[in-house]
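Dear colleague,

I am passing on the structure we discussed. Please look through it alongside the notes below.

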Amino acid sequence: MIEVQELYHSFKIGKKGKEKEVPVLKGLNFAIQKGEIVSIVGRSGSGKSTLLHILAGFLTPDRGTIRVDGTMTTSFTEAERAAFRLSTYGFIFQNFQLMPGLTAFENVELPLKLGGVDRVSRKQKVKELLTLVGLTDVQHHYPNELSGGQQQRVSIARALITDPPIIFADEPTGSLDSETEQDILLLIQSLNRARGITFVIITHDDTVAETANRIYRMHDGELKEGGVTHAI
Ligand SMILES: Nc1ncnc2c1ncn2[C@@H]1O[C@H](COP(=O)(O)OP(=O)(O)OP(=O)(O)O)[C@@H](O)[C@H]1O
Ligand SMILES: [Mg+2]
């Protein structure tokens, strides 16, 4: 589903005229199959978020190609990338990134509202997803009236609302206690099984990584398939 070839990226840091190139991704080659849960592990600063930003089209790589279902997304214009992102990807973040002034219901509804979907279809879809993630009782609560686990469920429902085939999650349980982490990981696994959604999960955490079908390790600018070591 996602095929990456010879992907390179470096950042320029320092004052103008004295910039230094810091290579972060040094020729990645890997693939993610449809319906998989893949985790990407690696030390802080190893380039995991950089890779995710490039996969999602927020950042243009220096070199290399990405194909999604055969479509070369690295050749897209800015507008094409934005449209492709909206229809293909959902996102889950460590800090949930909910809108504080909107209720759980309204947060989940927002992407459909922005997409111009009519009110009746919106309500129906939001209700369905709130039920799926187990939040019907607290749907009218604001984010600061919800627990961390409930907030992450809202953000998962929001990621699902446009039916994206791929969901990127950057440390999705990084702000949760271990019991709540388990609940969220079980929810991700059941969504993967029931809906065939492909998940790409970035994490430091072995427990999280081990819920994946496959683990990739980011090390020295390269990505290799393999088990987790406790050195991370
Ligand atoms: N916009 C930027 N400008 C310059 N350097 C950057 C920029 N973004 C990231 N970097 C550098 O690129 C490297 C990789 O950063 P990245 O955020 O991808 O790491 P990470 O693996 O996600 O780390 P963490 O686990 O701490 O989130 C780091 O050395 C970082 O300092
Ligand atoms: Mg990161």
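The notes that follow cover a sheet, a helix and a ligand site.

Please keep in mind throughout that this is a predicted model.

The sheet

An open sheet is built from 4 strands, in the order 2-1-4-5, with antiparallel pairing. Its edges are strand 2 (20-32) and strand 5 (71-72), each of which pairs on one side only. Strand 1, residues 2-13, runs antiparallel to strand 2, and the two are joined over 10 bridges. One pair to look at is Lys 12 and its bridge partner in strand 2, Glu 21.

The ligand site

Which residues surround ligand 1? The shell consists of Phe 11, Ile 13, Val 24, Arg 43, Ser 44, Gly 45, Ser 46, Gly 47, Lys 48, Ser 49, Thr 50 and His 204. Strand 1 and helix 1 (48-55) each contribute at least two residues to this shell. Helix 1 gives the largest share, 3 residues.

Three contacts to oxygen atoms of ligand 1 are listed here:

- Gly 45: a backbone N or O atom lies 2.8 Å from a ligand oxygen.
- Lys 48: a polar side-chain atom lies 2.7 Å from a ligand oxygen.
- Ser 49: an N or O atom of the side chain is 2.9 Å from a ligand oxygen.

On its own, ligand 1 exposes 640 Å², of which the protein buries 57%.

Helix 5

Helix 5 covers residues 148-160. At 1.5 Å a residue, its 13 residues should span 18 Å, and the C-alpha atoms at its ends are 18 Å apart, so the expected and modelled spans agree.

Is helix 5 mostly covered or mostly open? It is mostly covered, with 11 of its 13 residues buried. Among the buried residues are Gly 149, Arg 153, Val 154, Ile 156, Arg 158 and Leu 160. The buried residues of helix 5 pack against two strands and three helices, namely strand 6 (89-93), strand 7 (166-170), helix 3 (104-114), helix 4 (119-132) and helix 6 (178-195).

Ser 155 is one residue of helix 5 to examine. Its relative accessibility is 0%, so Ser 155 counts as buried. Leaving aside residues up to four places away in sequence, Ser 155 touches Phe 91, Ile 92, Phe 96 and Leu 98.

Regards

Definitions and conventions
Residues numbered from 1 in each chain as written. Chains lettered and ligands numbered in written order. Predicted model: local features only at pLDDT ≥ 70, side-chain atom pairs only at ≥ 80, totals over all residues. Heavy atoms only, no water. Pairing = 2+ DSSP bridges. Expected span 1.5 Å × (residues − 1). Buried < 20%, exposed > 50% of the residue type's maximum accessible area, 1.4 Å probe, protein only. Contact = heavy atoms within 4.5 Å. Near = heavy atom within 4 Å. Polar contact = N/O pair within 3.5 Å; in protein donor to acceptor, adjacent residues only side chain to side chain. Areas by Shrake-Rupley, 256 points an atom, 1.4 Å probe, with all protein chains shown as cover.
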